[in-house]
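Work through the exercises below with the structure open. Try each task before reading its solution.

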Amino acid sequence: MKQAQNFTSGRIFAPLIRFALPVLAALLLQTMYGAVDLLVVGQFGSSADVSAVATGSQIMHSVTVVITGLAMGLTVLVGRKIGEGRPQEAGSIIGSGIWLFGVLSVATSVVMVCTAGPIARVMQAPAEAFDRTVSYVSICSAGAVFIVAYNLVGSVFRGIGDSNMPLITVSIACVLNILGDLVLVAGFQLGAAGAALATVFAQAVSVVLSLLLIRRRQLPFSFGRQNLRPRSGHIRQMLVLGVPIALQDLLVSISFLVIMAIVNSLGLTASAGVGVAEKLCGFVMLVPSAFMQSMSAFVAQNMGASQPGRAKKALLYGIATSLAVGLFMGYLNFFHGDLLAGLFARDAAVISAAAEYLKAYAIDCLLTSFLFCFEGYFNGCGNTTFVMLQGIIGSFLVRIPVSWLMSRQAVPSLFRIGLATPASTVVQILLCGIYFAAVHRKKR
């Protein structure tokens, strides 16, 4: 199995791409992992099941991004220690992280199971899909410990420069989830509840198998029971780095939940259509998302080794590569959104609604190439508070107000509601550019 990488010397572009490709593959499989639920339910269930899975998975996504954001603090901290040439300290940090995320997983399960009903009500889940939405969220929330464990494994290995282990983990989960959906949804006709059960089962088996694989993995430091104890200093550092990222990701996700609630108020067809479009958008944003995660690990190591010039070059390479892909994805979404939506739905009205919403996302395909790479760069530098602030500004001062105003038109258009997303991205890019220039002018 591939060993950990040190990014602090030698070429930049080739190692960055080699590291990003497994991250991209893992994100692709992770997106498929969630999309398969909707795809199978769309083919073998009702529109109510599609709406329930669309709304429920968006709720669970909000939970997952918080965990991922906190885990990014662990990634950056471990990457820093590797760059500084102090790998043994990284082992102690990981041990503290296991304690922190263990407590987090229990708290998440309890809170989400107890509040599944009120959350679905706040989301204005359509009456026909309300009970199924609650069921989906409750079942997935009961397996929150596996969501946390998966993200913990991924964050540790990205921090030490190994993007292959997270790929193996999500590959196992994806295959098992597809099999579970086919058995429970297509076979036993359990609808949204079957999709949730398949998700939890896949996560559980994936985590167990991944831990068995890790025992055979050679790490750049020794790790044993002596490392498995909470150290307040390390936990505090992880939280200082991770909480702003988690808060920003949560608030961004909440802004999309608000948009989903606005769309849900327009009826079952609009709800199902936007749910399908959001699943497709997960695939559309794969490349910039992969560079954001890869950038954080790459930049963290180089900042730890006092190599800021290499970090800046990595940023430029990331933007150029993701922009090239963004041009193609934008074309595909704007002109062929109906073909893409047809993969997840049979209802012609739902497909039409999804295609209309996707036209707005076609614009965002180009813009996120800049924004996501900037965010990964700033996270790797440890400027996570700024990342949080620009995300809040984009979400609550642009995305939500614009989507609400567009929904209040005499004849609401999903395309105009969808324009709220690229509008917020433009504002965030401007903020990132200003901050980047200000920071480097100050250093000079």
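**Exercise 1. Find the residues that touch the most other members of the largest nonpolar core, and the helix that gives the most to this core.**

Solution. Start with the core: 117 residues belong to it, and Val78, Val276, Tyr357 and Tyr377 touch the most other members. A nonpolar core here is a set of buried Ala, Val, Leu, Ile, Met, Phe, Trp, Tyr and Cys residues joined through side-chain atoms within 4.5 Å. Buried means under 20% relative accessible area, with a 1.4 Å probe and protein chains only. Next, the helix: α2, residues 47–83, gives the most, with 17 residues. Helices are DSSP runs (H or I, at least four residues), numbered from the N terminus.

This is a predicted model: local features need pLDDT of at least 70, side-chain atom pairs count only at pLDDT 80 or more, and totals for chains, interfaces and linings use all residues. Residues are numbered from 1 along each chain as its sequence is written, and side-chain values use heavy atoms, with hydrogens and water left out.

**Exercise 2. List what valine 78 touches, not counting residues up to four places away in sequence.**

Solution. Apply the contact rule: heavy atoms within 4.5 Å. Valine 78 then touches Ala90, Ile93, Ile94, Val156, Gly159 and Ile160.

**Exercise 3. Describe the lining of the second largest cavity.**

Solution. On a 1 Å grid over the protein atoms alone, a cavity is a set of points where a 1.4 Å probe fits but cannot get out; lining residues have an atom within 4 Å of a point. The count is three cavities of 30 Å³ or more. The second largest has about 40 Å³ of space, the volume being the space filled by probe spheres set on the points, which are joined across faces, edges and corners. Its lining is Thr68, Ala71, Met72, Thr75, Asn151, Ser155, Arg158 and Gln293. Two elements give two or more residues each: α2 and α5 (144–159). Helix α2 gives the most, with four.

**Exercise 4. Is α5 largely enclosed or open, and how does its span compare with the expected one?**

Solution. Check burial: 13 of the 16 residues of α5 are buried, so the helix is largely enclosed by the rest of the structure. Then check length. From first C-alpha to last, α5 reaches 23 Å, close to the expected 22 Å. The expected span is 1.5 Å times one less than the number of residues. Finally, look past the helix: glycine 161 follows α5, and its phi is positive, near 90°.

Technical notes:
Buried < 20%, exposed > 50% of the residue type's maximum accessible area, 1.4 Å probe, protein only. 1 Å grid on protein atoms, 1.4 Å probe; cavity = no way out; pocket = protein on both sides within 12 Å on 5 of 7 lines; lining within 4 Å.
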